[in-house]
Amino acid sequence: MVDNRIKKLKPLAETKFLSIYDATYTNKLGNENHWMIASRKGYENLSEKYFKRKKDDVDAVVIAAFHKEIKKLVIVKQFRVPLNDYVYELPAGLVENNEHIEIAVKRELKEETGLNLLEINKNLGNNQLYLSPGMTEESASLVYCLCDGELSTEYLEEEEDIKPMLVSREEAKKLLEKNVKMDIKAFMTLQSFVLFGDDFLKF
């Protein structure tokens, strides 16, 4: 186990969904320094993670869904305030109240796309991946699954500005060739789809 190099944690701003902390840590030479950390966790939970080695729960799910009947990949185009623009992404969302990953996937897929979860490929994906470790300790579970149903925006929350879409292998290739804003997880998933077709899902 790596020595605990974070020595102190000071909250700078705390909101419902995101908090900012100043972490005092020692670098590789043993010198003290500071680092800004953004986290989904409150001060108590983050302190227990850093100082008491509490198990780190997954914060979110990222969903690589393939429509079983239409044979297309599911993506969304979502307005993101930090970009002040729309960006292509995979369906995703926060895990709520320590719910099981499968429940979170089913809920978020339905909410953001209107589609129904059929089957999760438990041999693919990773239970805990880190999204931007230079800025945050937030983690996500990347889930590959099959779905069916029709696209819909009727289940979106008020603050969600999302357009769900289904893309074929050829449409994915054309999208990758365009100069559009795209989340890196969506980019890599579309790239795998273009290269390997639905074989990359391994169903």
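Let me start with the sulfur of cysteine 147. In this predicted model, the closest cysteine sulfur to that of cysteine 147 belongs to cysteine 145, and the two are 6.0 Å apart, too far for a bond. The cut-off for a disulfide here is a pair of cysteine sulfur atoms within 2.5 Å. A disulfide, as a reminder, is a covalent bond between the sulfur atoms of two cysteines.

How many disulfides does a search of the whole structure find? The count is 0. Cysteine 145 is likewise in no disulfide, and the nearest cysteine sulfur to its own is that of cysteine 147.

Are these cysteines buried or exposed? Cysteine 145 has 0% relative accessibility, so it counts as buried. Cysteine 147 is also at 0% relative accessibility and therefore counts as buried.

Next, the sheet. There is an open sheet of 3 strands, paired antiparallel, in the order β1-β2-β3. β1 and β3 are its edge strands, each pairing on one side only. On average, neighbouring strands of this sheet are turned by 25° against each other, if direction is ignored.

Now the pairings, one at a time. β1 and β2 run antiparallel and are joined by 7 bridges. Leucine 9 has its bridge partner in β2, namely alanine 23. β2 and β3 also run antiparallel, with 8 bridges joining them. Alanine 23 appears again here, since its bridge partner in β3 is tryptophan 35. The hairpin of β2 and β3 has 5 residues between the strands, and in that hairpin glycine 30 takes a positive phi near 90°.

That brings me to helix α1, which spans residues 43-51. Which residues of α1 are buried? They are Leu46, Ser47, Lys49 and Tyr50. These residues cover an arc of only 160° around the axis, so they lie on the same side of α1.

What covers them? The cover includes β1, residues 6-14, along with β2, residues 19-26, and β3, residues 32-39. Put in terms of packing, α1 sits on the sheet and touches β1, β2 and β3. The direction of α1 makes about 165° with that of β1.

One last residue. After α1 comes arginine 53, and its phi is positive, near 55°.

To recap: the search finds 0 disulfides, the sheet has the order β1-β2-β3, and α1 packs on that sheet.

How values were computed: Residues numbered from 1 in each chain as written. Predicted model: local features only at pLDDT ≥ 70, side-chain atom pairs only at ≥ 80, totals over all residues. Heavy atoms only, no water. Buried < 20%, exposed > 50% of the residue type's maximum accessible area, 1.4 Å probe, protein only. Helix = DSSP H or I, 4+ residues; strand = E, 2+ residues; numbered from the N terminus. Arc of directions from axis to C-beta. Contact = heavy atoms within 4.5 Å. Pairing = 2+ DSSP bridges. Axes fitted to C-alpha atoms, helices over the stretch in contact; angles between N-to-C directions.
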